[in-house]
Amino acid sequence: MTRNSLVFFATAGSAALIAGAFLFQYMGYLPCQMCHWQRWPHYAAIVIGLAALQIQGRLFPALGALATATTSALGVFHTGVERGFWEGPSSCTGAGGALEGDLLSLDGPQLIMCDQVSWELFTLSMPSWNALFSALLCIMWIMAYRRS
């Protein structure tokens, strides 16, 4: 594969993961705070990919690899929080003191907990799938970097 085809498929992969996230959200699986964190590097990877298709060199593939590695790492961290391997942010987990207050109020936004699995396939949750697919996209970006 050429550099530009790798960049194209890596960019399309991030776009597909974002589209999938919005599809799940539309189906009623609302994202938690950590889910939103995992989306930002994909947004960056899409912009980086569009720039990399126009501007040759190694800078943009390196940035694309960094963005997808970041969201993959966030997915691993989120999976660990869901599985109870480590604590997550107190703002969206059951152990946090930041959750104190009027939680029974119907006036405010609904709080989605980061430490609860809302959907899984083959025992892997959405953050786990994001981590896996993002790692594959990172490999594509690295391959594009090496072909620059």
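**Exercise 1. A serine in helix α4**

Task: Decide whether S128 is buried or exposed in this predicted model, and find its polar partner.

Solution:
- Step 1: Start with the accessible area. S128 has a relative accessible area of 9%. The cut-off for buried is under 20%, so S128 is buried.
- Step 2: Place the residue. S128 lies in helix α4.
- Step 3: Look for a partner. The side chain of S128 makes a polar contact with the side chain of T79, at 2.9 Å.

**Exercise 2. Another serine in the helix**

Task: Describe the surroundings of S134: where is the residue, and which residues does S134 touch?

Solution:
- Step 1: Find the element. S134 sits in helix α4, which covers residues 126-146.
- Step 2: Check the accessibility. The relative value for S134 is 0%, so this serine counts as buried.
- Step 3: List the contacts, setting aside neighbours within four places in sequence. S134 is then in contact with L17, H42, T68, T71 and S72.
- Step 4: Pick out a polar contact from these surroundings. The side chains of S134 and H42 make one, at 3.2 Å.

**Exercise 3. Checking the span of helix α1**

Task: Work out what span helix α1 should have, and compare the distance between its end C-alpha atoms.

Solution:
- Step 1: Count the residues. Helix α1 runs over residues 3-26, which makes 24 residues.
- Step 2: Apply the rule. The expected span is 1.5 Å times one less than the number of residues, and for α1 this gives 34 Å.
- Step 3: Compare. The end C-alpha atoms of α1 are 35 Å apart, which agrees.
- Step 4: See what comes next. After α1 there is G28, and its phi is positive, near 110°.

**Exercise 4. The buried residues of α1**

Task: Name buried residues of α1 and say which helices they pack against.

Solution:
- Step 1: Collect the buried residues. They are R3, S5, L6, V7, A10, T11, G13, S14, I18 and F24.
- Step 2: Recall how a helix turns. An α-helix has 3.6 residues a turn, so residues three or four places apart point the same way.
- Step 3: Find the packing partners. The buried residues of α1 pack against α2 (33-54), α3 (59-83) and α4.

**Exercise 5. Cysteines, paired and unpaired**

Task: Find how many disulfides there are, and give the handedness of the C92 and C114 pair.

Solution:
- Step 1: Apply the cut-off. Two cysteine sulfur atoms must lie within 2.5 Å, and the count comes to one disulfide.
- Step 2: Name the pair. The disulfide joins C92 to C114, with an S to S distance of 1.9 Å.
- Step 3: Locate both ends. C92 and C114 are in the loop between α3 and β1 (120-121), 22 residues apart, and the pair links distant parts of the chain.
- Step 4: Read the torsion. About the S-S bond it is about -110°, so the disulfide is left-handed.
- Step 5: Check the accessibility. C92 counts as buried at 1%, and C114 counts as buried at 0%.
- Step 6: Turn to C32. This cysteine is in no disulfide, and the nearest cysteine sulfur, that of C114, is 3.4 Å away. C32 has 4% relative accessibility and counts as buried.
- Step 7: Finish with C35. This residue is in no disulfide either; its nearest cysteine sulfur is that of C32, 3.4 Å away. At 21% relative accessibility, C35 counts as partly exposed.

**Exercise 6. Searching for salt bridges**

Task: Find how many salt bridges the whole structure has, and say which parts R83 and E120 tie together.

Solution:
- Step 1: Recall the principle. Side chains of opposite charge can pair when their charged atoms come close.
- Step 2: Search. The whole structure yields one salt bridge.
- Step 3: Identify the pair. R83 forms a salt bridge with E120, and the closest N and O atoms are 3.4 Å apart.
- Step 4: Locate the partners. R83 belongs to helix α3 and E120 to strand β1, so the pair ties together parts that are 37 residues apart in sequence.
- Step 5: Add the accessibility. R83 is partly exposed at 33%, and E120 is partly exposed at 41%.

**Exercise 7. Positive phi in a loop**

Task: Say where F122 and T123 are placed, and whether each is buried or exposed.

Solution:
- Step 1: Place F122. This residue is in the loop between β1 and β2 (124-125).
- Step 2: Place T123. The loop between β1 and β2 holds T123 too.
- Step 3: Read the phi values. F122 is not a glycine, yet its phi is positive, about 55°. T123, not a glycine either, has a positive phi of about 65°.
- Step 4: Check the accessibility against the cut-off for exposed, which is over 50%. F122 has 67% and counts as exposed, and T123 has 59% and counts as exposed.

Notes:
Residues numbered from 1 in each chain as written. Predicted model: local features only at pLDDT ≥ 70, side-chain atom pairs only at ≥ 80, totals over all residues. Heavy atoms only, no water. Helix = DSSP H or I, 4+ residues; strand = E, 2+ residues; numbered from the N terminus. Buried < 20%, exposed > 50% of the residue type's maximum accessible area, 1.4 Å probe, protein only. Polar contact = N/O pair within 3.5 Å; in protein donor to acceptor, adjacent residues only side chain to side chain. Contact = heavy atoms within 4.5 Å. Salt bridge = Lys/Arg side-chain N within 4 Å of Asp/Glu carboxyl O.
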